[in-house]
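Thanks for coming, everyone. Let me put the model up on the screen.

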Amino acid sequence: MITRTSTRAVTFDSLVPYFGVIALIIAGSFFFPQILSVDYLTQQLQIAAFLGLLATGATIVILLGHIDLSVPWVLTGAAILSTALVGTGNPMLSALAVPAALAFGALIGLINGLGVAVLRIPSMVWTLAVNSMLLGLAVLNTGGFNPRGESSPLMVAMASGDFLGLPFSFLIWIAVCSGLTWVLVRTPFGRYLRSIGFNEKAAFLSGVSTPSVVCAAFAIAGMCSALGGVMLAGYANQAYQSMGDPFLLPTIAAVVIGGTSILGGRGGLFGTIGGALFITLLTSILSVMQIGDAWRNIIFGVIILAMLLFQTLRKGAAQ
Amino acid sequence: MLDYAKSNRREVIAAAVLIVLLTIYLGTHPRGASTYVMTIWANQCLILGLAACAQFFAVVVRGIDLSVGAVMALTNTIASYLLDGSPAGIAMGMVAVVGAGALCGLLNGVIVVFGRIQPIVVTLATASVFVGLALLLRPTPGGAVNYDLADAMTLDVLGIPTALVITAVVVFAFWLPFRRTGLGLGLYALGSSEQAAFQSGIDTRLVRLAAFTLAGVFAGLAGLFYSFVTTTGDAGIGPGFTLNSIAAVVLGGVLLRGGVGSLVGALAGAFILKTIASLMFFSGIPSLAQPLFEGLILAGAIAIGGADVLRARNKLEVFK
Amino acid sequence: MTNVNKPLLEMRGISMHFGATKALDGVDFLCNAVEVHAVLGENGAGKSTLMKLIAGVLQPTSGDIQVDGERVSLSSPKAALRHGLVCMFQELSLVPDLTVRENLLLGARDSGLGWLRGNGLEAARDVLARIGGEDISFGARVADLTLPQRQQVEIAKAIMKKPRLLILDEATSALSASVVEKVFDLVREERDSGTAVLFISHRFHEIEALADTISVFRNGQRVETFAKGAHDYGAIINMMVGQKIEELFPPKPPVNPEAEVVLHVEGLTWEDRVKDVNLTVLRGQIVGLGGLDGQGQGAFMMGLFGLLRKTEGKTALEGTTTTISGPKAAKQPDVGLAYIPEDRKTEGLILDQSIEQNLELAALGRGDLDAGDPALYANSLEQLALKHGGLDLPVSSLSGGNQQKVVLAKWLALAPRCLLLADPTRGIDVKTKTQIYSILRKLADQGASVILLSTDYEELIQLCDEAHVFFNGEIVASLSGDDLTPQNIIAAALNVSATRDAAHA
């Protein structure tokens, strides 16, 4: 359909986190040689997939020029929903666990999209409010306790199984990324997404149905968050309160250090993959080094700032 | 008077809503409209209110500050060390606490202006740093604040909660005069149209630096007042305040695109949020359902605020 | 016209280069006190660049600027203001969400970041009263004012700064005749009290009324400076465009009375901005819409394209009545409308994306077209003679004229039945204008219809088969053939025709 495009999937900015990953591995291995082991590295791939899926959905929304702050509770909600269905013991319901969770994610995404596209509420505020409502629903539903339920064998396999030596979760993540990259590059929807991210008014005037694109993008993000929740539930074999909260900021960070502009239009999934890998590895190494919470936070923040400043320097040099 | 009302219709609506809510709250509270009830309410409101003021300064110049909560945590932990001892020491301690907030804000501003990075991303990263520093100071909640001082700040003065007096001071002694300075108006000009502000001879970089620094000052004040209320330092208080401060300013009529709204609106929004939460608490709605109701009300209020966009007759108006 | 010994402002050897583009090339320019100096030129001629240099928004690539004989560096608008150089830009500098008073305070000459004293406000009030703005409340939000009121406040804001050099860049484009007269009186007073006034406008009747000296710019150079009256209208146009005005436009074909009706609009009404407007456009016609800024012609066009809610009236395309719900519906083959918006940088194009991506954006939504097929655009690009360095370069790398060509090509790929253009040649150089006129006429000859909103009389007269002039939301004059003259257009635009004749009778 579209033969030649000028958005190359791999730009220098999107490669930076990969260099960071390599740097981390090399530096870390001086202190802890076990970092270079296959076991450790594949475990990183497995864990990175959880953050990675969330970041993938977030990238779609950020390319649009918006932001999705409902990630924590869509994730948790999907986990609760799927484990509850499995927990009923009914085989039919168990089979529905994963599809239901995905449908839940899509539904919340649609609600997000409608508020943003139709009511024109800033996405930061509306997705925050939606997050709040989901939190309320969850509290009401679970009574404040940890939700009862369990994960299905499928969910566990998705999270912890492997295939030809690579973790399933990682393969699923990469598959989702590949599919979405194809959509971004080869379909009108993907083109509209970036155009709206750069200039919604001009896109609208060119006859793009901006509300549809916005709703679809948020729905995709919702499904990614839901899938992440399902996998995390598979990993922990249950859902638990506030399992989603620690993920919000690293998700956005992963997208941004991968070279995607927070303003929209520019960037892509290749960089996000690198960003998620980098953050997962960084978190893991800091934990292996037994660095306390305090310094972990400080180092995390400083490194993100450094990478952003580097991006600015590059832009300045390019001019 | 009517002109003022027309120009600031969002704040007027917010203020009206607040009065209605407060009346309902005092009416339904089992202990009624007593100083005691008002004081507890006012203290909670002021903490969020100061955080909302901080957010206001970032938002009015078309930015956002995701480090508000973290700065509060940091300044709160600093306060838990400095606010106990001799009166002179305590006085200097208070200055140091607010100063720390100002430094945090200045750091944000410097990176935004000179690093040319979007505020949302900068403050996301600095929040992490500030929380880390707070954890260094107080790995677990602890510390102390001089009780007399804390009482003075969090009880009442002649029957009026001190927190409300402080709010009045902020509005009348700071905001109203500030609104009439070049810097005050410059904030709006910058948020409205950076190009127009520049062409009018405004130093946009300085104004932006000042905006983020002021945000840090108010976040520091929020952390300071928090320490009066709890008399301990706690590094974990951040996340709720950051997101609530955003909700508060939006409820109070401050537009996220910048150039619109006022400090009064931010305060009103915060007070409304806290009053709703308090109302929930005493309303007899089962505690398990309260977060959901709060979320619904927040969503509803925001949706109503957004719905006036549906009245826009020119479809292009919604794109800014 | 008196000349003071030393010019107030002197620019010597000024060049302004933007990459490879030379906006100004070795220009010498003088401004004297007690003089109204009009600057004329097509867009792209360098006028607005010159003004931006004086206002401190830009700094010259080479050359120097002297004020009162001393070299100055106008490194920022603040610096320019310190020297008393005040510029009223076309894009108003008022902050919409502040009140009139606050905007005026912000603009006061010695206001810094500290306490703003209210002095100078009385002067502003006087100015407003003198230019017919006495009913503008100082407590009103600027966003709630009408466009003419905003221009009045902008003028007051400028005068309040006690300028030594006042630049008015299209400052009266939305003002009614009586208000314009008052503004001119004010300007003359300023001049007489020692201020130098630089006046940019492309309305000749204003130049005639106000200017003492005229400078013509073309292609980044100053062609000539002369006293008013030294050259006639035709000669001035010649200087501005470098050729006879008639040569810019393709020949107009004779009117075809048998042509079928392509677009028929009846009773289009919207808010109080468009009042019961009827319009009929025949196949092969280029119809012009004229009038002062904001008189409803722009809103009318937007209403046609489905951009306005709650419009009343009927629209019929080739006999079939349709309701157009928005741009997406408007571009489908059964309706076949195309809209080239007024602001190409923010509405017509996505500057950060490539030429190719911009070209494809409208066609992507048409199921019957393959947006990626270069053949869709090849014809238009060739006819428009688009100059580019590669279709995958960002469209921001193109000149203004070439950018507008991309917007046109984007829509022409859809083979629209009727093309709506909102002031398409604003800010475009002469050569590109000629190319655009030529392709518009070709399109019309091939059976499309064109509705052209223009603020340029020559376009309405030379290019359009008929012109409709708007005032206060209504069409007050429909001119064609011998009636299509500058005088008639101006009169209709200012709504003075019948009344003035009656007064002089």
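I'll go through chain A, then chain B, then the salt bridges.

One caveat at the start. This is a predicted model. Every number I quote is computed from it.

Chain A, then. It has 13 helices and two strands. How does its radius of gyration sit against the globule rule? The radius is 19 Å, and the rule gives 20 Å for 319 residues. Those two are close, so chain A is as compact as a globular protein of that length. Its C-alpha atoms fill a box of roughly 60 × 55 × 40 Å along the principal axes.

Now burial. Of the 319 residues in chain A, 58% are buried. The contacts reach far along the sequence. Take those with a separation of 6 or more: 79% of them are between residues 24 or more positions apart. On the outside, chain A exposes about 12,300 Å². Carbon and sulfur atoms supply 70% of that area. As for charge, chain A has 12 positive and 8 negative charges. Their mean positions are 19 Å apart.

On to chain B. Here we have 14 helices and two strands. The radius of gyration is 19 Å, close to the 20 Å that the globule rule gives for 320 residues. So chain B, too, is as compact as a globular protein of its length. The C-alpha box is roughly 55 × 45 × 35 Å, again along the principal axes.

Buried residues make up 59% of the 320 in chain B. Among its contacts between residues at least 6 apart in sequence, 77% join residues at least 24 apart. The accessible surface of chain B is about 12,300 Å², with 69% belonging to carbon and sulfur atoms. Chain B carries 17 positive and 13 negative side chains. The centres of those two sets lie 14 Å apart.

Next, salt bridges. How many does a search of the whole structure find? There are 22 over all chains. I'll pick out three pairs and a network.

Pair one is in chain B. B:E194 bridges to B:R208, with the closest N and O atoms 3.3 Å apart. B:E194 lies in helix α10, residues 194-199, and B:R208 in helix α11, residues 204-230, so the pair ties together parts 14 residues apart in sequence. Which side of the cut-off is each residue on? B:E194 is at 39% relative accessibility, so it counts as partly exposed. B:R208 has a relative accessible area of 16%, and under 20% means buried.

Pair two takes us to chain C. C:D68 and C:R164 form a salt bridge, closest N and O atoms 2.6 Å apart. This one links distant parts of the chain, 96 residues apart. C:D68 is in the loop between β4 and β5, and C:R164 is in the loop between α5 and β7. C:D68 is partly exposed at 32%. C:R164 is partly exposed, also with a relative accessible area of 32%.

Pair three, still in chain C. The side chains of C:R417 and C:E318 meet at 3.4 Å, N to O. C:R417 sits in the loop between α15 and β17, and C:E318 in the loop between β14 and β15, so the bridge ties together parts 99 residues apart in sequence. C:R417 is partly exposed, at 21%. C:E318 is partly exposed, at 31%.

Last, the network. Salt bridges that share partners join B:R257, C:D97, C:R141 and C:D144 into one network. Happy to take questions.

Notes. Residues are numbered from 1 along each chain as its sequence is written. Chains are lettered from A and ligands numbered from 1 in the order in which they are written. This is a predicted model: local features need pLDDT of at least 70, side-chain atom pairs count only at pLDDT 80 or more; totals for chains, interfaces and linings use all residues. Side-chain values use heavy atoms; hydrogens and water are left out. Helices (H or I, at least four residues) and strands (E, at least two) are DSSP runs, numbered from the N terminus. The radius of gyration is taken over C-alpha atoms; the globule rule is 2.2 Å times the number of residues to the power 0.38. Buried means under 20% relative accessible area, exposed over 50%, partly exposed in between (1.4 Å probe, protein chains only). Contact means heavy atoms within 4.5 Å. Accessible areas come from the Shrake-Rupley method with a 1.4 Å probe; for residues, only the protein chains shown count as cover. Lys and Arg count as positive and Asp and Glu as negative; His and the chain ends are not counted. The place of a charge is taken as NZ of Lys, CZ of Arg, CG of Asp or CD of Glu. A salt bridge is a side-chain nitrogen of Lys or Arg within 4 Å of a carboxyl oxygen of Asp or Glu.
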